[in-house]
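Here's a walk through one model, written for someone who likes to know the cut-offs. Have the viewer open as you read.

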Amino acid sequence: MAQKPSIPKGTRDFSPAEMVRRNYIFDTIREVFQKYGYMPIETPAMENLDTLLGKYGDEGDKLLFKILNSGDFLSKADEKLLAQKDSSRLTGQISEKGLRYDLTVPFARFVVQHQGELTFPFKRYQIQPVWRADRPQKGRYREFFQCDVDVVGSDSLFNEVELVQIVDEVFRKLGIRVIVKLNNRKVLAGIAEIIGESSRLTDITVAIDKLEKIGLEKVNAELLEKGLSNAAIEKLQPILSLSGTNNEKLDRLSYILASSETGIKGVNEIREVLTILEALELKTGIELDLTLARGLNYYTGAIFEVKALDVEIGSITGGGRYDDLTGIFGLKNVSGVGISFGADRIFDVMNQLELFPSEVTASTQLMFVNFGPREGLWCLKLATELRQQGLKVEVYPDSARMKKQMNYANKKNIDFVALVGEEEMKAGTVTLKNMESGEQFSVSPGEIAGKIRKRK
RNA sequence: GUGAUUGUAGCUCAGCUGGUUAGAGCGCCAGAUUGUGGCUCUGGAGGUCGCCGGUUCGAAUCCGGUCUUUCACCCCA
C-alpha cells in the first residue's frame, strides 16, 4: 500500500447497491418529465467564468470552483498582484473557466446561444451534477446532482400548474408523501413596499425564510440588525402570523396589500394557480406559505418548495419563476419557470422510509457454475438462450473451486445456481439449486425459465 | 469565511495520567468438507497509530502546524 487513496472533500463514491437505487429515482423522474413533453439537454461540466460570475451573488462567487488555465498560466499574471498575493484579483488572470454551480444559469446561456434553433415555449429537463465549494455538512456535498425541469418563453400560469402536477406525479410514483409550499415574489415585494422597505427586499426574504427554523423573535432581531425600522417590523407582524386556509390567507392579503399594485398581482397569480390545481384534483396538499422566500434572487413570480411529510430533512424540491434570466446574456423578455428535484435528499428519504421496491435491488437470477472449458461453453450457450427469454443470467468466468463459486453467488444474492458437470451433460439435464431454501433438483434445460419465474 | 469535532488492521472500534513485541469483533485467505454457499471449528495474512515538525532517555498517547471526518453558523440542494 503506497498511499491511502481518497477522494476530494465533500464528494462521494456510489456503490452498485446505491447506484441501482439512484437510477431508480432518476428513471422515475425522467419518465414523468418526458410525459409532459420536456426534452433532455446536457451542458458542459465547466463554463466560462464570466458566464458564472455575478449570477449567484457575492456569496455564490466565492463558492464557485475555478479551473486553473492550462500551460504556464503564471507567466501572464500581473507581477504586482503576484507579489501582493492578492488571490481574488489574481483569479481573473489565471483562471477563465469554472465548474457549473447550478443548472439554471447554464440553461439560460444555452437558450440564448441556441435561440435560433429552439422552438418556444422551450421545455427541457437536465439531470447532471453541479459543484459548490461549500463546506460540507449534513446532506450537503461539494458535488451533487440536480434534476431540473424548466419551460421558457411562456408567461402562462399553466406552466406553474404543470410543474406542480409533475411534483405530484413524481412523488406519488416514488411513494413519498409530500406537501407543496407555494408563494410569490410579487407578494413579498408588495409586503416590503407597504411596510416602506422596498429596498430591503432581499434582507427581508432571507430573514423570514428562517421563521420556521429559528422562530419569530429571532427573525425580528435579524431584521432589526439588518437596519429595518421598528415601525416596519411592527407592520410586518400581522403578515408573518397569518394563518387559516389558503383562501383565508389570500383574502387577508388582498386587504393588506390593497395599495400595492405588485402585491395584488402576486395574490391574483397565486389564486389562479390554486384554482386551476383544485379543478385538477391532485393528491398532494398545497399550502400558501408566506415565509417561503428561497434565497435565489432571480425569482420574480411563483416560488415552490416541496417538503417530505414523514422525514425531517428540509426541502427536497424547489423552484420558481424568473422573468429575466436570459436578459443578462442579451435575450430580453423571455420568462421562464422551473423546479429542481434534489436527488440526494430524495434518496435519503426513500432509504429512511424503505420505499425502494425489491425489484430495484434484484440481482442476477441464475448463475452457472463453471466446471471447465467444455462444460463452460455448454453453459454459455444455454445462458445466451435464457437471456433472450429475459432472464438475468451469468456464467462464472473461471473454473475455480466450487466453494468459491458458490460463495460468490451467495454474496451477490443470486437466486439460483445451475450445476452442469460431466454427469449432467451426459444426461442432458441441469442441477438447479435454490440459493435461498437450499433445495436442489434436476431439470431439463427447457424447464429452467419456468422454475426461476415461479419463485416470484 | 467563522466556531467546534474526528483520524489506530479492509470495516467498526478498544488502548487508563507517555514505558518494552499496539489489541478485539467483523471481513479476508487456507484447512476440517478434492461437485455445493449461509452455521460451526482450527490456523494464517494484514497496522510507517492521517501527515509534517517539536518536547522527551522514550510518543498511538503531550504540544504546534497541516490535511481529513462530522456538526453548527453564513449560505444553500
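What follows goes from the domains to a helix, then to one asparagine, a few backbone oddities and the RNA.

A bit of bookkeeping: this is a predicted model, where local features need pLDDT of at least 70 and side-chain atom pairs count only at pLDDT 80 or more, while totals for chains, interfaces and linings use all residues. Residues are numbered from 1 along each chain as its sequence is written, chains are lettered from A and ligands numbered from 1 in the order in which they are written, and side-chain values use heavy atoms, leaving out hydrogens and water.

Let's begin with the domains. Chain A is assigned domain 1 (10–64 + 101–177 + 310–361), domain 2 (179–284) and domain 3 (362–455); such bounds come from an automatic or database domain assignment. The C-alpha centres of domain 1 and domain 2 are 26 Å apart. Between these two, 9 residues of domain 1 are in contact with 10 residues of domain 2, contact meaning heavy atoms within 4.5 Å.

Now find helix H14, residues 261–280. Helices (H or I, at least four residues) and strands (E, at least two) are DSSP runs, numbered from the N terminus. Does its length add up, and why? The expected span is 1.5 Å times one less than the number of residues, so the 20 residues of H14 should cover 28 Å, and the 29 Å between its end C-alpha atoms agrees with that. Among the buried residues of H14 are Val267, Ile270, Val273 and Leu277, and also Glu269; buried means under 20% relative accessible area, exposed over 50% and partly exposed in between (1.4 Å probe, protein chains only). The cover over the buried residues includes helix H7 (158–174), strand S7 (178–184) and helix H8 (185–194). Just after H14, glutamate 281 takes a positive phi of about 50°.

Strand S7 is also the place of asparagine 183. Asparagine 183 counts as buried because its relative accessibility is 0%. What does its side chain reach? One partner is the backbone oxygen of leucine 292, at 2.8 Å, and a polar atom of the side chain also lies 3.2 Å from the backbone oxygen of leucine 290. Leaving aside neighbours within four places in sequence, the contacts of asparagine 183 include Ile270, Thr291 and Ile303.

Next, some backbone geometry worth clicking on. Phenylalanine 120 and proline 121 are joined by a cis peptide bond, with omega at about -5°, and proline 121 is found in the loop between helix H6 (104–113) and strand S5 (122–131). Asparagine 333 isn't a glycine, yet has a positive phi of about 60°; with 75% relative accessibility, asparagine 333 counts as exposed.

Finally, RNA strand B. Of the 40 residues around RNA strand B, Arg132, Arg140, Lys411, Met435 and Gln440 come nearest, where near means that a heavy atom of the residue lies within 4 Å. Sugar and phosphate account for 49% of the RNA strand B atoms that come within 4 Å of the protein. The side chain of lysine 210 has an N or O atom 2.8 Å from a phosphate oxygen of RNA strand B, while the side chain of asparagine 410 has one 2.7 Å from a base nitrogen. The largest share of the surface near RNA strand B, 6 residues, comes from H18.

Note on methods: Polar contact = N/O pair within 3.5 Å; in protein donor to acceptor, adjacent residues only side chain to side chain.
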